Amino acid sequence: MAPTGGPTDKTGPTIKKTTPITGTTNYNKREFKFDFSEFVSRTTFESELSIEPNLGIRYSVEWKRKTAIVTFEEQLPDSTTIIITVGGNTTDINNNKMGA
């Protein structure tokens with residue numbers, strides 16, 4: 001008899017760590033990392049990613065296992081507060097939403 005694989009995953013992903021940490025000031029790099037508790041749907045992450053204010057600076061998203069790396073193509077302006085939000089409709093690979 002083959003193993004059952006355990007109970008069905010019904011828990012959504014969580015963000016375990018961000019780089020820089022929330023509330024960081026005077027951050028002068030172009031890269032922001034989001035470490036998740038489990039594998040995340042890349043499509044839902046990218047559609048739920050919100051960056052305010054819109055500075056007109058292009059960015060890319062790269063993945064390293066459970067980590068999303070958002071890299072801006074240009075240096076971010078000095079003395080500007082940037083808010084990067086990952087929306088609650090981001091799902092894991094089993095379609096469980098964050099916070100569920």
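Arg58 counts as exposed in this predicted model, its relative accessibility being 61%, a value that lies over the 50% cut-off for that class. The side chain of Arg58 nevertheless has a charged partner: a salt bridge joins Arg58 to Glu73, with 3.9 Å between the closest N and O atoms. Arg58 belongs to the loop between β3 (49-52) and β4 (59-64), whereas Glu73 belongs to the loop between β5 (67-72) and β6 (83-86), so the contact ties together parts that are 15 residues apart in sequence.

The count of salt bridges in the model comes to two. Besides the Arg58 and Glu73 pair, Glu31 forms a salt bridge with Lys33, and here the closest N and O atoms are 3.9 Å apart. That distance qualifies because the criterion asks for a side-chain nitrogen of Lys or Arg within 4 Å of a carboxyl oxygen of Asp or Glu. Both partners can also be placed by their accessibility. Glu31 has a relative accessibility of 35% and therefore counts as partly exposed. Lys33, at 31%, likewise counts as partly exposed, since this class lies between the buried limit of 20% and the exposed limit of 50%.

The loop between β1 (15-19) and β2 (31-36) contains Thr25. With a relative accessible area of 62%, Thr25 is exposed. Its position may also be described relative to Gly6: Thr25 and Gly6 are separated by 19 residues in sequence, and their C-alpha atoms lie 43 Å apart in space.

Definitions and conventions. Residues are numbered from 1 along each chain as its sequence is written. This is a predicted model: local features need pLDDT of at least 70, side-chain atom pairs count only at pLDDT 80 or more; totals for chains, interfaces and linings use all residues. Side-chain values use heavy atoms; hydrogens and water are left out. Buried means under 20% relative accessible area, exposed over 50%, partly exposed in between (1.4 Å probe, protein chains only). Helices (H or I, at least four residues) and strands (E, at least two) are DSSP runs, numbered from the N terminus.
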